[in-house]
Amino acid sequence: MAKKKLEQMDLVERNEWMILGTMLVIVTLERLDISTLVAAMMGLSAVLILRVLRWDDCLSEKAAWNPLTWFTVFLGVADQLNILGVKPWFSRRVGNFMKSFAIRWYIELLILQRCISSLTI
């Protein structure tokens with residue numbers, strides 16, 4: 001039965017070979033210490049240029065693009081806050097405030113976790 005099913009299956013299509021080749025290039029780029037984001041964007045560009053995917057296919061995947069977009073924005077904001085010195089300043093202030101309570105570190109961690117969880121929506 002399995003032999004009959006294998007005979008009925010088509011050979012690997014062009015697009016499948018293109019995806020396989022693109023994935024191998026992406027993995028190789030990452031092994032060469034190329035940024036994962038750069039490698040992923042090169043892979044996406046390749047499958048779009050090779051017409052394996054259409055841009056409409058990418059746009060229809062809103063569930064994938066939404067978190068990617070927000071994650072990129074948050075990383076950009078965090079990087080700018082770090083460059084401006086806001087993150088180190090804020091962490092020193094919070095650290096000094098927590099030290100003023102003179103309690104054990106795990107209790108401080110629980111307090112911070114509770115404060116952060118109350119901020120999330």
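Helices here are DSSP runs of H or I with at least four residues, numbered from the N terminus. I keep that at the top of my page, next to two notes on the model. It is a predicted model, where local features need pLDDT of at least 70 and side-chain atom pairs count only at pLDDT 80 or more, while totals for chains, interfaces and linings use all residues. Residues are numbered from 1 along each chain as its sequence is written, and side-chain values use heavy atoms, with hydrogens and water left out.

**Entry 1: the second largest pocket**

I began with the helices that line this pocket. Helix 6 (86-99) and helix 7 (105-119) each supply at least two lining residues, and helix 7 gives the most, with four. I wrote down the lining as Phe 90, Val 94, Leu 112, Cys 115, Ile 116 and Leu 119. A pocket is an open set of points on a 1 Å grid over the protein atoms alone, where a 1.4 Å probe fits, with protein on both sides within 12 Å along at least five of seven lines; lining residues have an atom within 4 Å of a point. The space comes to about 210 Å³, a volume being what is filled by probe spheres set on the points. I sorted the lining into six nonpolar, no polar and no charged residues. For that sorting, Ala, Val, Leu, Ile, Met, Phe, Trp, Tyr, Cys and Pro are nonpolar, Asp, Glu, Lys and Arg are charged, and the others, Gly among them, are polar.

**Entry 2: the largest pocket**

Next I looked up the largest pocket, which holds about 390 Å³. Of its 16 lining residues, Leu 37, Ala 40, Met 41, Leu 44 and Leu 68 are the closest to the centre. Helix 2 (14-31), helix 3 (36-49) and helix 5 (62-84) each give two or more residues to the lining. Helix 3 gives the most, with six. I noted 13 nonpolar, three polar and no charged residues.

**Entry 3: Leu 84 and Met 98**

Which of my two picks is buried, and which exposed? Leu 84, in helix 5, has a relative accessible area of 64% and is therefore exposed (over 50%; partly exposed runs from there down to the buried limit). Met 98 sits in helix 6, and I count Met 98 as buried (under 20%) because its relative accessibility is 5%. These areas come from the Shrake-Rupley method with a 1.4 Å probe, and only the protein chains shown count as cover. I also checked Met 98 against Gln 113: they are 15 residues apart in sequence and 13 Å apart in space, C-alpha to C-alpha.

Conventions
Buried means under 20% relative accessible area, exposed over 50%, partly exposed in between (1.4 Å probe, protein chains only).
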